[in-house]
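Please look over the sequence and the model shown here before reading on. The notes that follow are grouped by topic.

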Amino acid sequence: MSAMNTRTFIIGTALALTLVAVGAQEAIPDGGTFAKARAAGTIMMGVRESSPPLSYSIGSTYVGYHVELCEQMLSNLLPGVNIRRMVVTSQNRVALLQNGTIDIECGSTTNNAARQQQVAFGNTTYITEARFAVRTASGITSAEQLKGKTVVTTTGTTLVQRLRKLEQERGLGITIVLAKDHAESFLMLESGRADAFAMDDNTLAGNIASARNPADFKIVGKPLGIEPIAIMVRKDDPAFKRAVDGYLGTAMSSGALEKLYTKWFMSPIPPRGSVINIPLSASLKAAFSAPNDRPAEAYE
């Protein structure tokens, strides 16, 4: 992208998101998260360390599609309120939101029926397919070829249940290993301690893109499941959810969210200038056209 095109893209995106903000700030009700944040002068945003390109760290900085989206949204819904970032994990993200330690989670969380009993989700902003990352030299191309092998996934994710279901249905005799976070899961694959890493395609692609030798890895197999990924908010605060959904709806209809998607999924991203290269899917286009917070079970 030329310098002129880059400048045009940035200005265009900023203008679109300004228009989004104007619509989102109208008639924001007081109370709940809004009152808490205004009283404290701070809103706590949960982020992830290793869920590229949605939410990840570069040193002490947190970036990604959901991080940038939430920063823009919160700056406009709560002007003058400081945004603080706090690292959460797959294991503690729901509890930290429920107990008020964080006020919103901008990571890589699947919206499913079980979680909807505990928390609420903004309208879907990404749809992922769960698959396997393997070493290219392994020759593995399908789940059947993992028979008797070790598969790692991350504790607290929906892939734990999906792998156990796969094992029960197909009797592959795989050894399922749980890592504390996505970085550790990928390290187990990279170091040869696991034969495959099962996770959402965007997380797999992001970790591969950041690897020392990306060509050493590939994503294989039929999807283990299709899941909507969304921003997570407290269940007992419908006013805040309405404001979040209002912002997202305007961002979707204006094309601003698609531009942000292009920035993080189809363009070079830090720290290495790698390209994730996951085009906007038909299912996500449909979600942008008709915003909704349907759980994963609706996609099965």
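In which strand is Ala198 found? In this predicted model, Ala198 lies in strand 11, which spans residues 196-200. The points below take up its surroundings, then strand 9, and then a helix.

**Ala198 and its surroundings**
- Ala198 has 0% relative accessibility and therefore counts as buried, the cut-off for that term being under 20%.
- Leaving aside residues up to four places away in sequence, Ala198 touches Arg131, Phe132, Val151, Val152, Thr153, Leu159, Leu163 and Leu224.
- Although Ala198 and Val134 are 64 residues apart in sequence, their C-alpha atoms are 9.0 Å apart in space.

**Strand 9 and its partners**
- Strand 9 (residues 150-154) is mostly covered, with five of its five residues buried, and this holds for both faces, with Thr150, Val152 and Thr154 on one side and Val151 and Thr153 on the other.
- In a regular strand, side chains alternate between the two faces of the sheet.
- Strand 9 pairs with strand 10 (residues 175-179) in the parallel sense over five bridges, and Thr150 has Thr175 of strand 10 as its bridge partner.
- Between strand 9 and strand 10 the chain passes through helix 6 (residues 158-170), and this β-α-β crossover is right-handed.
- Strand 9 also runs parallel to strand 11, to which two bridges join it, and Val152 stands opposite Phe197 in strand 11.

**Helix 10**
- In helix 10 (residues 256-265), the buried residues are Ala256, Leu257, Leu260, Tyr261, Trp264 and Phe265.
- Because these buried residues cover an arc of only 150 degrees around the axis, they are on the same side of helix 10.

Conventions:
Residues numbered from 1 in each chain as written. Predicted model: local features only at pLDDT ≥ 70, side-chain atom pairs only at ≥ 80, totals over all residues. Heavy atoms only, no water. Helix = DSSP H or I, 4+ residues; strand = E, 2+ residues; numbered from the N terminus. Buried < 20%, exposed > 50% of the residue type's maximum accessible area, 1.4 Å probe, protein only. Contact = heavy atoms within 4.5 Å. Arc of directions from axis to C-beta. Pairing = 2+ DSSP bridges. Right-handed = clockwise from strand over helix to strand, strands pointing away.
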